[in-house]
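Work through the exercises below with the structure open beside you. Try each task before you read its solution.

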Amino acid sequence: MALLFAKNNSLSAVTELPASVSGGVLNLISTQTASSSATIDFTSGIDSTYKSYIFKFYDIHPATDDTSFEFNGSSDGGSNYNVTKTTTFFNAYHNEAGSSTNLGYGAGSDLAQSTSFQRIIAGVGNGNDESGVATLHLFSPSSTTFVKHFMSVSQRLSQTYSVNDYVAGYFNTTSVINAIQFKFASGNVDSGLIKLYGVT
Amino acid sequence: MAFGLVKHNNNSISAITTAGQLTSGAMTLIKEQTASSSASISFVDGSGGVVLDSTYPIYKFEFINIHPSNDGAKFNFNMSIDGGSNYNVTKTSSNLEIYHYEDDSSSVFNGTSGGTLQQGTGDLAVLRGVGSDNDQCGCGTMFLFSPSNTTFMKHFQIRSVRSQSIDYAGDNLFCGYGNTTSAIDSIIFRMSAGDIDSGTIKLFGIKGS
C-alpha cells in the first residue's frame with residue numbers, strides 16, 4: 001500500500017474522498033458529449049439515491065436549422081421513451097434588430113396527456129455560432145406514489161432572436177422514471193454537453 | 001509540526017469522516033424536514049441545526065412531493081423576525097401563473113393578482129391548489145436573499161410546479177419582498193387548510209464568496 005505525504009498541508013494526489021465526506025450539494029453523476037448524435041440517453045444514475053436531479057445543457061447545437069431540443073422519460077430503463085405527460089410552455093423573445101419582442105404562452109409546444117417528446121429548447125438555429133443552453137429540474141423520479149414533476153428554463157439564439165423558454169409539468173405515472181432521452185425533433189445533436197447532477 | 005499518516009487506498013482516503021477545512025462546494029444542505037400529517041414545518045435560526053442568518057447571503061428551499069390532506073389547499077409560507085413567535089411579516093409580491101389541463105380544454109398564461117399580497121401580513125402561496133389524489137403533489141424551489149440584512153427589504157423568488165386538484169399542470173413564478181429592515185430569522189410552511197400530509201423540504205445555504 002502506498003503512502004501519501006503531505007505537501008504544503010495538501011494531499012495533491014488524492015482524487016476521491018470517502019462517502020462520509022461531503023463533496024457539496026450538487027453531485028455530478030454523469031456527463032455526455034454530443035457528436036452528431038441521434039439521441040443522448042441517460043439510462044443509469046436516475047434512481048432513489050437523490051430526491052431531485054438537475055440536468056445542465058451547454059451549447060446544444062443542432063444539425064438541422066430551427067429545430068427543437070426535446071426530452072422524454074422511460075419507465076423501463078430506456079427500452080421505451082413514451083411516458084404520458086401534461087405540460088405548460090411559455091417564452092419571451094427579442095430580436096437583434098430590436099423590432100420584435102413578445103411574452104406569451106406556446107400552445108403548440110405544450111402537451112396534454114401525451115406520450116410525445118416535450119421540447120425544452122424550441123427552435124435552435126444551426127448557424128455556426130448558434131446554440132441553446134438550459135437547466136431541467138426533475139423531482140423524485142423513483143417515487144411509486146406520485147406523478148413526477150419537472151421544470152426547465154432555457155435560452156437560445158435562433159434566427160437573430162434571443163429566446164427564453166419556460167417548461168413545467170409532470171410525467172403522469174406512478175411508475176418510476178429511470179431513464180431520460182434527449183434529441184432534436186429533426187436531425188442530430190451536432191454538438192453539446194449535458195451533465196446530470198443529483199441534489200443531496 | 002506533527003503529521004499523522006493517512007492510509008492511502010487507490011487514491012482515495014478511506015479513514016476520514018469529516019472534511020475539516022476542505023471545501024464542500026458553494027451550496028450546503030443545512031436542514032431537511034419531512035412532513036407527516038404536519039400542521040406546519042418551520043425553519044428557525046438556531047433551532048434544530050437550522051442556520052438562517054448572515055452565514056449565507058442566499059438561502060434556497062427545495063420542495064419535493066408536497067401532498068396536502070385537503071384537496072385544493074394552497075401550500076403557503078410566511079416569515080418571522082422574532083424567532084418564530086409571530087409569522088406576520090409585511091409582503092408585496094407578484095404572480096406569473098401558467099396552467100394547462102390534462103384534457104387540453106384550456107391553458108392560461110397570466111400575470112395575476114391572485115395568490116399575491118399588497119403590503120399584507122398573511123401567508124403567501126408557494127403552490128396554489130395542490131390535489132390530494134393519491135398521486136398528486138407539488139414541487140418547487142424558493143430563493144431568499146440576505147434575510148439577515150438590516151438595511152434592505154428581503155427579496156424572494158419562487159418557481160413551483162404542481163398537479164392541481166382539477167387535473168392540470170400548474171407552473172407559478174412568485175416574486176416579492178418582505179417589506180422590513182428587520183432580520184428574517186424564521187420561515188414557516190403550512191397548508192391553507194388541513195395538514196401537510198407528506199413531503200420533504202430542504203434548506204440550503206449558498207456561499208457569497
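**Exercise 1. Aromatic pairs**

Task: Find how many aromatic pairs there are over all chains, then classify one of them.

Solution. The model is predicted. The count comes to 29 aromatic pairs over all chains. Take Tyr50(A) and Tyr53(A). Their ring centres are 5.8 Å apart. Pairing requires centres within 6.5 Å. The planes of Tyr50(A) and Tyr53(A) make an angle of 85°. An angle over 60 degrees counts as edge-to-face. So Tyr50(A) and Tyr53(A) form an edge-to-face pair. Tyr53(A) itself is buried, because its relative accessible area is 0%.

**Exercise 2. A pair across the chain**

Task: Classify the pair of Tyr93(A) and Tyr161(A), and state which strands hold the two residues.

Solution. Start with the geometry. The centres of Tyr93(A) and Tyr161(A) lie 5.4 Å apart, with 75° between the planes. This pair is edge-to-face. Next, place the residues. Tyr93(A) sits in strand 5 (residues 85–95) of chain A. Tyr161(A) sits in strand 10 (residues 161–171) of chain A. The two are 68 residues apart, so the pair links distant parts of the chain. Now check exposure. Tyr93(A) has a relative accessible area of 27%, so it is partly exposed. Tyr161(A), at 26%, is also partly exposed.

**Exercise 3. More rings in chain A**

Task: Name members of the aromatic cluster, and find what lies over the face of Phe117(A).

Solution. One cluster includes Phe42(A), Phe55(A), Phe57(A) and Phe69(A). Phe150(A) and Phe184(A) are also among its members. For Phe117(A), look at Lys183(A). Lys183(A) lies over the face of that ring, at 4.4 Å from the ring centre.

**Exercise 4. The make-up of chain A**

Task: Describe the secondary structure of chain A, its buried share and its contacts.

Solution. Chain A has zero helices and twelve strands. From the N terminus on, the elements therefore run as β after β. Buried residues make up 49% of the 200 residues in chain A. Turn to contacts with a separation of 6 or more. Of these, 76% join residues 24 or more positions apart. Finish with the surface. The accessible surface of chain A comes to about 8200 Å². Carbon and sulfur atoms account for 45% of that surface.

**Exercise 5. Strand 15 of chain B**

Task: Is strand 15 of chain B largely enclosed or open? Which strands pair with strand 15 of chain B?

Solution. Count the buried residues first. Nine of the eleven residues of strand 15 (residues 196–206) of chain B are buried, so the strand is largely enclosed by the rest of the structure. Then trace its partners. Strand 3 (residues 27–38) of chain B pairs with strand 15 in the antiparallel sense, over ten bridges. Here Lys31(B) stands opposite Leu203(B). Strand 5 (residues 58–68) of chain B also runs antiparallel to strand 15, joined by nine bridges. In that pairing, Glu62(B) has Lys202(B) as its bridge partner.

**Exercise 6. Two cysteines**

Task: Explain why Cys139(B) and Cys137(B) are not bonded.

Solution. A search of the whole structure finds zero disulfides over all chains. For Cys137(B), the nearest cysteine sulfur is that of Cys139(B), 4.8 Å away. A disulfide needs sulfur atoms within 2.5 Å. The sulfur of Cys139(B) is therefore too far from that of Cys137(B) for a bond. Burial comes last. Cys137(B) is buried, with a relative accessible area of 0%. Cys139(B) is buried too, at 0%.

Note on methods
Residues numbered from 1 in each chain as written. Chains lettered and ligands numbered in written order. Predicted model: local features only at pLDDT ≥ 70, side-chain atom pairs only at ≥ 80, totals over all residues. Heavy atoms only, no water. Phe/Tyr/Trp six-rings, centres within 6.5 Å; stacked < 30°, edge-to-face > 60°. Buried < 20%, exposed > 50% of the residue type's maximum accessible area, 1.4 Å probe, protein only. Helix = DSSP H or I, 4+ residues; strand = E, 2+ residues; numbered from the N terminus. Lys NZ or Arg CZ within 6 Å of the ring centre and 35° of its normal. Contact = heavy atoms within 4.5 Å. Areas by Shrake-Rupley, 256 points an atom, 1.4 Å probe, with all protein chains shown as cover. Pairing = 2+ DSSP bridges.
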